[in-house]
Amino acid sequence: MKFTDLGLAEPILRAVREQGYDTPTPIQAQAIPAVLAGGDLLAGAQTGTGKTAGFTLPLLQRLSSTPPARDARGRIAIRALILTPTRELAAQVEESVRSYGKYLKLSSMVMFGGVGMQPQIDRLRQGVDILVATPGRLLDHQQQGTLDLSHVQILVLDEADRMLDMGFIHDIRKVLALLPPQRQNLLFSATFSDEIKALADRLLNRPALIEVARRNATADTIAQKVIPVGRDKKKELLAHLIRSGDWHQVLVFTRMKHGANRLAEYLNDHGISAMAIHGNKSQGARTKALAEFKAGTLQVLVATDIAARGIDIDQLPHVVNFELPNVPEDYVHRIGRTGRAGAPGQALSLVCLDEEIFLADIEKLIKRAIPRETVPGFEPPPGERAEPIVLGRMTIGVGGARRGGGGGRPGGGHPDTRRDAPKPAARPPQPARREGTALQGQPSRHGGAPRHDRVGAGHATQPAPHGQPHGRRDAPRPGPRLTQPKR
Ligand code: AMP
């Protein structure tokens, strides 16, 4: 299969050629004809699969083959709206729109919070065909009356699962209410939890369903290792590994924003250049850190899960889990940053006794035991005992904690949450219910055939999720191993 077989116009093919791509990825091969046909789409695809071009290329083609829409004042009106969970992803998607659309007469803009409104208002006034935005800032503009979404023909929800994880469901609903009812809807999600299915039911009309595996099969290209370590020796061990391995580009994950800051400070104090990126950092600081890291002048980038989401860095040699994620799926997202496009990568997890509970969940999800290797001098000291892990106002782990019951999201919050994210303590512990973690197909509620809750092998079918009964809609996440809220 070649790009030229997909029915794309020459100016788009030219831009694709200039990117150096000649073979479409599986998601592109399936999504491009489906979107060009004009129907809705539900696509299971993660970062790294080529999903961005999968929706951008046909979107550009559809818009460029019809005349621009005009608002009441005769200005070019927004015909395509792409919503993303994070600023970084919004910026990257809009960059893709610009590079793939460079030979077309279409205009685009990116809109996210953390930067001034006025330049965005000025840009909107000039007229925009394609808007890439995060939901919060979009609604800010709507409230100020500076945004007209009444001409939108195509809506894309990119990384919809992450938007729901970040508590954006209400914002998404508000945005949907601002759009004309007649439109094409494309929903991209790495996982198909009940919440995603509920959103898809509400949003999509007889969608084509596409699921693809990650381009980089984790088992083959990523060497995963667990290094058991004493709780108080983690920072020292990380500095030791970086120095002794002569690592020059390391992405390090922490669970919490303040942990990311403290670790970056420690590394800098010990002669290793490091910067932290997370939701509290200004856009300028995040962009600078990412640019330096990509250029190879910054040795270590310390990130929380949400901040790192959507960052595309090819062939990253080392990913380190300084702390294991409490959401097991985040482990898969994290280590997917290395070993890209068949290049070998290394994913190390520094695990202290407190985190064994998270490790068990991760190994259950990925269906394999991760090899353990100790580094002499950094082992957990004899007699060290597991202690509970405090995440925000929740305590997870030992001390009355339940084992193996759920997905590790206390009350639905994520440690690096943003505005409107559900407050963990606001919700009582829920009965255990694992979401989006099953690797096996589950009995279908849609008539017999197994459904896959996670991304599986590539195929396209036509499900009819409309009007199907579902479980609790927008139900809070489970509260596994939750002991008591901390005051
Ligand atoms: P995405 O999943 O959209 O974040 O894309 C991941 C990476 O794959 C990006 O660096 C793209 O530039 C790259 N990519 C997208 N499509 C192709 C393709 N057909 N061939 C090679 N690389 C691609």
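Four residues sit at the hub of the largest nonpolar core: Leu-41, Leu-57, Ile-82 and Ile-130 touch the most other members out of 39 residues. Helix α3, spanning residues 51–64, is the top contributor to this core, giving 6 residues. Keep in mind that this is a predicted model.

**The cores**
- Take Ile-130 and skip its neighbours within four places in sequence: what is left in contact with Ile-130 includes Leu-59, Leu-60 and Leu-63.
- Ala-80, Ile-82 and Val-97 are also among the contacts of Ile-130, as are Leu-106, Ser-107, Ser-108 and Met-109.
- There's a second core too, separate from that one, with 35 residues, among them Leu-147, Leu-149, Val-152 and Ala-160.

**Helix α15**
- Helix α15 runs over residues 328–335 and is mostly covered, with 8 of its 8 residues buried.
- That buried set isn't just greasy side chains by name: Glu-329, Asp-330, His-333 and Arg-334 are among its residues.
- Pro-328, Tyr-331, Val-332 and Ile-335 are buried in α15 as well.

**Glu-10**
- You'll find Glu-10 in helix α1, which covers residues 10–19.
- Glu-10 counts as partly exposed because its relative accessibility is 43%, which falls between the 20% and 50% cut-offs.
- Its side chain makes a polar contact with the side chain of Arg-17, at 2.8 Å.
- Glu-10 and Gln-61 are 51 residues apart in sequence, while their C-alpha atoms are 9.9 Å apart in space.

Definitions and conventions:
Residues numbered from 1 in each chain as written. Predicted model: local features only at pLDDT ≥ 70, side-chain atom pairs only at ≥ 80, totals over all residues. Heavy atoms only, no water. Helix = DSSP H or I, 4+ residues; strand = E, 2+ residues; numbered from the N terminus. Buried < 20%, exposed > 50% of the residue type's maximum accessible area, 1.4 Å probe, protein only. Polar contact = N/O pair within 3.5 Å; in protein donor to acceptor, adjacent residues only side chain to side chain. Core = buried A, V, L, I, M, F, W, Y, C linked by side-chain atoms within 4.5 Å. Contact = heavy atoms within 4.5 Å.
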